[in-house]
Amino acid sequence: RSAWMYHNPLVILEAVVFFMLFKKLKIQSKVINSLAQGAFMCYLVHLYLIDGYHIAETISGNVPQMLLNIGLTVVSMYLFSYVVYWIYSATIGRVINRFKILFEVSFEEHKL
C-alpha cells in the first residue's frame with residue numbers, strides 16, 4: 001500500500017545516486033558505521049512503525065508539545081530499529097555470514 005509512493009522514477013534515481021555516493025565513502029569510525037546499519041533497518045521498518053503514530057492529533061496541539069512529540073518519536077523509532085538490527089546481526093546475520101564465507105571459499109576453489 002505505501003510502497004507505491006516510491007514508484008516515481010525520480011525517487012528511484014535519487015536513491016540509486018545516493019547509494020552510489022555513499023558506497024564509495026569509507027568511514028573508519030565503528031560507531032558511525034554501526035549507527036548507519038541501524039539507520040538502514042529504520043528505513044525498512046518505518047512504514048510499519050509510522051502507522052501507529054497519530055499525526056493529526058500531534059499537529060493539532062501546541063508547537064512545543066508537537067516538537068517534543070516528534071523528537072521523541074524519531075528517537076524511539078531509531079532505537080527500536082537499532083535493537084531490531086542488533087537482534088538480526090546477532091542471530092540471522094551470523095548464519096548468513098557463515099554461508100557467505102562457505103560460498104566464497106567454494107567459488108575460489110572453482111575459479112579458472
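**Exercise 1.** In this predicted model, work out which residues of α4 are buried and what they pack against.

*Solution.* Start with the burial list: M66, T73, M77, S81 and Y85 are the buried residues of α4. Next, look at their partners: these residues pack against α2 and α3 (55–59). Now step back to the helix itself. α4 runs over 28 residues and reaches 40 Å from its first C-alpha to its last, close to the 40 Å expected at 1.5 Å a residue. Finally, check how α4 begins: there, a side-chain oxygen of N62 comes to within 3.1 Å of the backbone nitrogen of Q65.

**Exercise 2.** Zoom in on S81: is this residue buried or exposed, and what does it touch?

*Solution.* First, place it: S81 sits in helix α4. Then apply the cut-off: buried means under 20% relative accessible area, and S81 counts as buried because its relative accessibility is 0%. Next, follow its side chain, which reaches the backbone oxygen of M77 at 2.8 Å. Last, leave out residues up to four places away in sequence, and S81 touches G38, M41, C42, V45 and L49.

**Exercise 3.** Now take the other side: describe α2, its buried residues and what covers them.

*Solution.* Begin with the span: α2 (residues 30–50) has 21 residues and reaches 29 Å between its first and last C-alpha, close to the 30 Å expected at 1.5 Å a residue. Then look for a bend, and you'll find a kink of about 50° centred on L44. For burial, pick out G38, M41, C42, V45, H46 and L47. What covers them includes α4 (63–90).

Methods: Residues are numbered from 1 along each chain as its sequence is written. This is a predicted model: local features need pLDDT of at least 70, side-chain atom pairs count only at pLDDT 80 or more; totals for chains, interfaces and linings use all residues. Side-chain values use heavy atoms; hydrogens and water are left out. Helices (H or I, at least four residues) and strands (E, at least two) are DSSP runs, numbered from the N terminus. The expected span of a helix is 1.5 Å times one less than its number of residues. The bend at a residue is the angle between axes fitted to the seven residues ending there and the seven starting there. Buried means under 20% relative accessible area, exposed over 50%, partly exposed in between (1.4 Å probe, protein chains only). Contact means heavy atoms within 4.5 Å. A polar contact is a pair of N or O atoms within 3.5 Å; within protein, one must be able to donate a hydrogen and the other to accept it, and residues adjacent in sequence count only if both atoms are side-chain atoms.
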